[in-house]
Amino acid sequence: QPRTVCTHESCVTIANDERGEKQCIYKVCCDPCYLGSSLDYMGFSTGTTNDRRLLYFCWSMSVLNETCKICQHCYKDHKHITHDYETFEKSIINEKTKKS
């Protein structure tokens, strides 16, 4: 099930993964997001939930001012994702320098 995340710069954290490559960690505003199935139920042809215009209808959006109820950014700053990112600390023990 997709989740709605904010891509506004104040809601994005850049981190290095275990290979040293940068990845974006987005603030989650709606998890899970049932937008696609809701629009299908109402008779809309959703095509793809990556169409950011459809996120206007997400539960997390306020239709009065077109902003997210969670982060207060515009619905146009949001997107659907289906993958997870994790942050973690990893300790590496060097056996050559390890003292007994």
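The accessible surface of the protein chain comes to about 7500 Å², and carbon and sulfur atoms own 48% of that. Keep in mind that this is a predicted model. Of the 100 residues in the chain, 33% are buried. The chain has 1 helix and 6 strands, laid out from the N terminus as β-β-β-α-β-β-β. As for contacts between residues at least 6 apart in sequence, 54% of them join residues at least 24 apart.

**The sheet**

- Four strands make an open sheet in the order E2-E3-E1-E6, and the pairing is antiparallel.
- The edges are taken by strand E2 (12-16) and strand E6 (78-81), each of which pairs on one side only.
- Going from one strand to the next, the twist averages 45 degrees.
- As background, strands of a sheet pair through backbone hydrogen bonds, in either a parallel or an antiparallel way.

**The E2-E3 hairpin**

- Strand E3 covers residues 22-30 and pairs with E2 in the antiparallel sense, over 5 bridges.
- Want to check the register? Valine 12 stands opposite tyrosine 26 in E3, while alanine 15 has glutamine 23 in E3 as its bridge partner.
- The two strands form a hairpin with 5 residues between them.
- Which residue in that turn has a positive phi? That would be glycine 20, with a phi of about 85 degrees.

**Histidine 80 in the edge strand E6**

- Histidine 80 is found in strand E6, one of the two edge strands of the sheet.
- Is histidine 80 buried or exposed? It's buried, because its relative accessible area is 6%, and the cut-off for buried is under 20%.
- The side chain of histidine 80 has a polar contact with the side chain of threonine 4, at 3.2 Å.
- Histidine 80 and valine 28 are 52 residues apart in sequence, yet their C-alpha atoms are 9.7 Å apart in space.

**The aromatic cluster**

- The structure holds 2 aromatic pairs, and Tyr56, Phe57 and Tyr75 form one aromatic cluster.
- A quick reminder: a pair of aromatic rings is described by how far apart the centres are and by the angle of the planes.
- One pair is tyrosine 56 with phenylalanine 57: it is edge-to-face, with 5.3 Å centre to centre and 85 degrees between the planes.
- Why does the pair of tyrosine 56 and tyrosine 75 count as edge-to-face? The ring centres are 5.4 Å apart and the planes sit at 75 degrees; planes over 60 degrees apart count as edge-to-face, so the label follows.
- The pair of tyrosine 56 and tyrosine 75 links distant parts of the chain, 19 residues apart. Tyrosine 56 is in the loop between helix H1 (35-41) and strand E4 (61-62), whereas tyrosine 75 is in the loop between strand E5 (67-68) and E6.
- How much of each ring residue is accessible? Tyrosine 75 is buried, with a relative accessible area of 10%.
- Tyrosine 56 is partly exposed at 22% relative accessible area, and phenylalanine 57 is partly exposed too, at 44%.

Terms used:
Residues are numbered from 1 along each chain as its sequence is written. This is a predicted model: local features need pLDDT of at least 70, side-chain atom pairs count only at pLDDT 80 or more; totals for chains, interfaces and linings use all residues. Side-chain values use heavy atoms; hydrogens and water are left out. Two strands pair if DSSP finds at least two bridges between them. Axes are lines fitted to C-alpha atoms, for helices over the stretch in contact, and angles run from 0 to 180 degrees between N-to-C directions. Buried means under 20% relative accessible area, exposed over 50%, partly exposed in between (1.4 Å probe, protein chains only). A polar contact is a pair of N or O atoms within 3.5 Å; within protein, one must be able to donate a hydrogen and the other to accept it, and residues adjacent in sequence count only if both atoms are side-chain atoms. Contact means heavy atoms within 4.5 Å. Accessible areas come from the Shrake-Rupley method with a 1.4 Å probe; for residues, only the protein chains shown count as cover. Rings of Phe, Tyr and Trp (its six-membered ring) pair if their centres lie within 6.5 Å; planes under 30 degrees apart count as stacked, over 60 as edge-to-face and the rest as tilted.
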